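Please open the model in a viewer and keep the selection panel at hand. The tour below proceeds from one selection to the next and states what is found at each.

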Amino acid sequence: IFLPIYFFTLIAAYKYGIHVGLLTAVLSPLANHLLFGMPPAAVLPAIMIKSVILAIAAALASKHAGKVSLPAILLVILAYQLVGTGIEWAMTQNFAIAVQDFRLGVPGMLIQLFGGYFLLRAIAKI
């Protein structure tokens, strides 16, 4: 519901660029899976794909916007969710599973949008 793995990828890629974003996108879900068993192995590929899409979108949006921007972060969230949902649908052949983040993850997307915006603004002042 809160999509915490994606939050850190968003911050890393938007603030520190594509390389740090991609490392976070791949290593965060993998480390969580190996250490805690979450996310489950069955959904790990889809989560990692969405995380990589998020890292690319966030790094590009940051570079294009040149500053922390609420509309840019919103576009990043929509981009990774829409593209990721399409890829997950192709992988699973199940539309209901593919749109699960949209059905259940609205609180997490709002946290990414507003929490990410305020955290990135705070980091920018340091």
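Throughout this tour, a contact means heavy atoms within 4.5 Å. The coordinates belong to a predicted model.

**First stop: Gln112**

Select Gln112, which lies in helix α7, residues 106-125. Is this side chain buried or exposed? The relative accessibility of Gln112 is 0%, and Gln112 therefore counts as buried, the cut-off for that class being under 20%. Now display the contacts of Gln112, leaving out residues up to four places away in sequence: Leu3, Tyr6, Phe7, Leu10, Ile73, Ile77, Tyr80 and Tyr117.

**Second stop: Ile77**

From that list, select Ile77, a residue of helix α4. Ile77 has a relative accessibility of 3% and so counts as buried. With residues up to four places away in sequence again set aside, Ile77 touches Met109, Gln112 and Leu113. A distance may be drawn here as well: the C-alpha atoms of Ile77 and Ser62 are 13 Å apart, with these positions 15 residues apart along the chain.

**Third stop: helix α4**

Extend the selection to the whole of α4, residues 70-92. Does the length of this helix agree or disagree with its expected span? At 1.5 Å a residue, the 23 residues of α4 should span 33 Å, and the end C-alpha atoms are 32 Å apart, so the two agree. Colour the buried residues of α4, namely Ala72, Ile73, Val76, Ile77, Tyr80, Gln81, Gly84, Thr85 and Glu88. These buried residues pack against α1, α3, α5 (95-98), α6 (100-104) and α7. After α4 comes Gln93, where phi is positive, near 60 degrees.

**Fourth stop: α1 against α4**

Add α1, residues 4-16, to the view. Two packed helices are described by the angle between their axes and the distance between the axes. For α1 and α4 the angle is about 130 degrees, and the axes are 12 Å apart. The two helices are therefore oblique to each other, and their crossing is right-handed. Which residues meet here? Tyr6, Leu10 and Tyr14 of α1 meet Ala72, Ile73, Val76 and Tyr80 of α4. By class, this contact comprises seven nonpolar residues, with no polar and no charged ones.

**Fifth stop: α1 against α3**

Keep α1 and select α3, residues 44-65. The axes of α1 and α3 come within 8 Å and cross at roughly 30 degrees. That angle makes α1 roughly parallel to α3, since angles under 35 degrees are placed in that class. The crossing of α1 with α3 is right-handed. On the α1 side, the contact is made by Ile5, Tyr6, Thr9, Leu10, Ala13 and Tyr14. On the α3 side, the participants are Ile47, Lys50, Ser51, Leu54, Ala55, Ala58, Ala59, Ala61, Ser62 and Ala65. The contact of α1 with α3 divides into twelve nonpolar, three polar and one charged residue.

**Last stop: helix α2**

Finally, select α2, residues 18-36. Its 19 residues should span 27 Å at 1.5 Å a residue, and the end C-alpha atoms are 27 Å apart, which agrees. Within α2, the buried residues to highlight are Gly21, Thr24, Ala25, Ser28 and Pro29. What covers them includes α1 and α3. The tour ends at Gly37, which follows α2 and has a positive phi, near 75 degrees.

Conventions. Residues numbered from 1 in each chain as written. Predicted model: local features only at pLDDT ≥ 70, side-chain atom pairs only at ≥ 80, totals over all residues. Heavy atoms only, no water. Helix = DSSP H or I, 4+ residues; strand = E, 2+ residues; numbered from the N terminus. Expected span 1.5 Å × (residues − 1). Buried < 20%, exposed > 50% of the residue type's maximum accessible area, 1.4 Å probe, protein only. Axes fitted to C-alpha atoms, helices over the stretch in contact; angles between N-to-C directions. Parallel < 35°, antiparallel > 145°, perpendicular 65-115°, else oblique. Left-handed = near helix turned anticlockwise from the far one by under 90°. Nonpolar A, V, L, I, M, F, W, Y, C, P; charged D, E, K, R; others polar.
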